[in-house]
Amino acid sequence: MRRISLSRYLIEEQRERGKINADLRLLIEVVARACKGIAIAIGKGAIAENGGVLGEAGSDNVQGEAQKKLDVLSNEILLEANEWGGHLAGMASEEMELPHAIPNRYPQGEYLLLFDPLDGSSNIDINAPVGTIFSVLRCPEGADPSQNEAFMQPGTEQVAAGYTVYGPTTQLILTVGDGVASFTLDRECGSFILTQENLQIPADTKEFAINMSNMRHWEAPIKHYIDDLLSGSTGPRGKDFNMRWVAAMVADVHRIMTRGGIFLYPIDAKTQSKGGKLRLMYEANPMAFIVEQAGGAATTGTQRIMEIQPTGVHQRVPVVLGSRNEVAVVASYYGKS
Ligand code: AHG
Ligand code: MN
Ligand code: MN
């Protein structure tokens, strides 16, 4: 079998398909290298030096969430890897209140990188899948990359997005706006190897993912939609649905990329004041870009996620994404009410 590494795939995207330039190629390679470092750190678990990498860091992030040691470590790995290459103007992360401009001692590049360094961090201590999510924007001419304003671009402006899922295998899923490709980490040689091109999400599904414990807090359209799914073959949908919830968006989205499905994290009475649970800039937008590039759809229920004009780096939004016909069904419940 001909093995195509991530490096070769990116060279071909640059040289033959003209989809990326050398700086964006470097950027993606560097993010992939950082993800390898994160995979290694995760894999050491409790036997890592200095007391292991599991458990709490003892600090909170800007969103008031307790940081795990691996949240902090993964953020540092991504920052350090991406600082000096000359491909970036700045970075924003779930774990940093303010954007991080590239220090003056390094050359400045044209791109902005946003990331959720460790997604699903409540899964770390139970040895269940976690991930990294990233999104790439251009830094507008004259914008200051240490300020939020530079990053305030809708998801339609993304030039690349991806995620790495750290499960039984480590897989990198990537789009540069030319479909979606999947790479599997060969742990022996340390390279990501192309394992699937042109991923396509089936348009229809019988599988949904939502945190059912929030049911009493949901708004009416979501309550009605889930009631109709639960009533199965004798209900209005006329078929039985199955449910899955990994509690790491990366892993739930990865299942949808693999076999279809719908993922919902709607706004509810608990998260109303914050605008939702998931973050637009480094969770919802990159996942929406990937899902759309694979023929799926991503909405808040009433608006295409990638068309939201952001107002803050840590802004939260309701998320409904996956198989496009099923996403359209959810939107129709919002239309009815
Ligand atoms: P993070 O670990 O980056 O804060 O993200 C966690 C998110 C997302 O990955 C997941 O879908 C969701 O939170 C899980 O929420 P519940 O705790 O409601 O299951
Ligand atoms: Mn997350
Ligand atoms: Mn996170």
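## Starting in the sheet

How many bridges join strand E6 to E7, and do the two run parallel or antiparallel? There are 7 bridges between E6 (residues 130-138) and E7, and the strands run antiparallel. Keep in mind as you look around that this is a predicted model. One pair to find on screen is valine 130, which stands opposite tyrosine 166 in E7. If the idea of pairing is new to you, strands of a sheet pair through backbone hydrogen bonds, either parallel or antiparallel.

Now zoom out a little. E6 and E7 belong to an open sheet of 8 strands, and the order to trace is E4-E3-E5-E6-E7-E8-E9-E10, with mixed pairing. At the edges stand strand E4 (100-101) and strand E10 (191-196); each has a single partner strand, so one side of each is left without a neighbour in the sheet.

## Strand E7 and what comes after it

E7 covers residues 160-166, and 7 of its 7 residues are buried, so the strand is largely enclosed by the rest of the structure. Look at which way the side chains go. Ala160, Gly162, Thr164 and Tyr166 point one way, while Ala161, Tyr163 and Val165 point the other way. Both sets are buried.

Carry on along the chain and you meet a hairpin, where 3 residues join E7 to E8. Strand E8 (residues 170-175) pairs with E7 in the antiparallel sense over 6 bridges. Within that pairing, tyrosine 163 has isoleucine 173 in E8 as its bridge partner. E8 also pairs with strand E9 (residues 180-186), again in the antiparallel sense, this time over 5 bridges. Here you can pick out glutamine 171, whose bridge partner in E9 is threonine 184.

## Two manganese ions with a shared aspartate

Next stop: the metals. The manganese ion called ligand 2 is coordinated by Asp116 (OD), Asp119 (OD) and Glu283 (OE), at 1.9 to 2.2 Å. Along the chain these donors follow the spacing D-x2-D-x163-E. Aspartate 116 lies in strand E5 (residues 111-119) and glutamate 283 in helix H6 (residues 280-293), so the pair ties together parts that are 167 residues apart in sequence. Are these two residues buried or exposed? Aspartate 116 is buried, with a relative accessible area of 0%, and glutamate 283 is buried too, at 2%.

The other manganese ion, ligand 3, is coordinated by Glu94 (OE), Asp116 (OD) and Leu118 (O), at 2.1 to 2.2 Å. Its donor residues are spaced E-x21-D-x1-L in sequence. Did you spot the name that came up for both ions? Aspartate 116 coordinates both manganese ions, which are 3.7 Å apart. Leucine 118 is buried, just as aspartate 116 is.

## Ligand 1 and its surroundings

Which residues are closest to ligand 1? Out of the 17 residues that surround it, the closest are Asp119, Gly120, Asn211, Met249 and Tyr265. Asp119 is a name you have already met, as one of the residues coordinating the manganese ion (ligand 2).

Some of the other metal-binding residues turn up here as well. An N or O atom in the side chain of aspartate 116 is 3.0 Å from an oxygen atom of ligand 1. Leucine 118 uses its backbone instead, with an N or O atom 3.4 Å from an oxygen atom of ligand 1. Lysine 277 has a polar side-chain atom 3.5 Å from an oxygen atom of ligand 1. On its own, ligand 1 has 470 Å² of accessible area, and the protein covers 84% of that.

## Cysteines, and one alanine

How many disulfides does the structure hold? The count is 0. Take cysteine 35, for instance: the nearest cysteine sulfur belongs to cysteine 189 and is 16 Å away. A disulfide needs two cysteine sulfur atoms within 2.5 Å, so that pair does not qualify. Cysteine 35 counts as buried, at 0% relative accessibility. Cysteine 139 has a relative accessible area of 17%, and since buried means under 20%, cysteine 139 is buried as well.

For a contrast, find alanine 220 in helix H4 (residues 220-230). Alanine 220 has a relative accessible area of 40%, so this residue is partly exposed. Tyrosine 333 is 113 residues away along the chain, yet the C-alpha atoms of alanine 220 and tyrosine 333 are separated by 8.8 Å.

Terms used: Residues are numbered from 1 along each chain as its sequence is written. Chains are lettered from A and ligands numbered from 1 in the order in which they are written. This is a predicted model: local features need pLDDT of at least 70, side-chain atom pairs count only at pLDDT 80 or more; totals for chains, interfaces and linings use all residues. Side-chain values use heavy atoms; hydrogens and water are left out. Donors are N, O and S atoms within 2.8 Å of the metal (3.2 Å for Na, K and Ca); water is not among the atoms, so sites may look incomplete. Buried means under 20% relative accessible area, exposed over 50%, partly exposed in between (1.4 Å probe, protein chains only). Helices (H or I, at least four residues) and strands (E, at least two) are DSSP runs, numbered from the N terminus. Two strands pair if DSSP finds at least two bridges between them. A residue is near a molecule or strand if one of its heavy atoms lies within 4 Å of it. A polar contact is a pair of N or O atoms within 3.5 Å; within protein, one must be able to donate a hydrogen and the other to accept it, and residues adjacent in sequence count only if both atoms are side-chain atoms. Accessible areas come from the Shrake-Rupley method with a 1.4 Å probe; for residues, only the protein chains shown count as cover.
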